[in-house]
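Subject: A structure for you to look at

Hi there,

Here is the structure I promised to pass on to you. Please open it beside this email, and take your time with it.

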Amino acid sequence: MIGDILQPTHLLLILLVALVVLGPKRLPEVGRAVGRSIHDFKGAINGERHDEPEPVMGTQPGRPAREPANHVV
């Protein structure tokens with residue numbers, strides 16, 4: 001049963017349905033999200049850690065956030 005789903009004609013039909021439902025602009029985003037999810041899932045199973053620090057709002061990657069100036073009143 002599952003082996004029949006992986007035939008090339010069935011995969012093309014699934015891709016065509018996804019293209020019609022999601023549209024050409026959103027399909028690459030969904031593909032990237034699925035790929036990242038699979039990559040993260042495999043990493044979690046293997047015990048790998050890829051923790052990336054989340055950027056602080058208003059900063060650019062590679063540049064440290066500016067410290068607020070301490071003003072004496």
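Below is what I found, going from the whole chain to its parts.

First, please keep in mind that this is a predicted model. The mean pLDDT of the chain is 77, and 62% of its residues reach 70 or more. Where in the chain is confidence lowest, and where is it highest? Helix α1 (residues 2–5) has the lowest confidence, with a mean of 68, while α3 has the highest, at 91.

Now for the overall layout. The chain has 3 helices and 0 strands, and if you read along the sequence you will meet the pattern α-α-α. Of its 73 residues, 3% count as buried. The accessible surface comes to about 7500 Å², and carbon and sulfur atoms account for 63% of that surface.

Next, have a look at α2, which covers residues 8–22. You can check its length yourself: at 1.5 Å a residue, the 15 residues of α2 should span 21 Å, and the C-alpha atoms at its ends are indeed 21 Å apart, so the two values agree. Just after α2 comes Gly 23, which takes a positive phi of about 90°.

Helix α3 (residues 27–46) can be checked in a similar way. Its 20 residues reach 29 Å from the first C-alpha to the last, close to the 28 Å expected at 1.5 Å a residue. Just after α3, Gly 47 has a positive phi too, of about 85°.

Finally, here is a feature of the surface. Which residues make up the nonpolar surface patch of about 630 Å²? They are Leu 13, Leu 16, Val 17, Leu 19, Val 20, Val 21 and Leu 22. Take Val 21, which is found in α2: is this residue buried or exposed? Val 21 has a relative accessible area of 64%, and because exposed means over 50%, Val 21 counts as exposed.

Enjoy exploring, and write back with any questions!

Best wishes

Technical notes: Residues numbered from 1 in each chain as written. Predicted model: local features only at pLDDT ≥ 70, side-chain atom pairs only at ≥ 80, totals over all residues. Heavy atoms only, no water. Patch = residues over 30% accessible without salt bridge, like charges linked within 9 Å, V, L, I, M, F, W, Y side chains within 5 Å. Areas by Shrake-Rupley, 256 points an atom, 1.4 Å probe, with all protein chains shown as cover. Salt bridge = Lys/Arg side-chain N within 4 Å of Asp/Glu carboxyl O. Helix = DSSP H or I, 4+ residues; strand = E, 2+ residues; numbered from the N terminus. Buried < 20%, exposed > 50% of the residue type's maximum accessible area, 1.4 Å probe, protein only. Expected span 1.5 Å × (residues − 1). pLDDT = per-residue confidence, 0-100.
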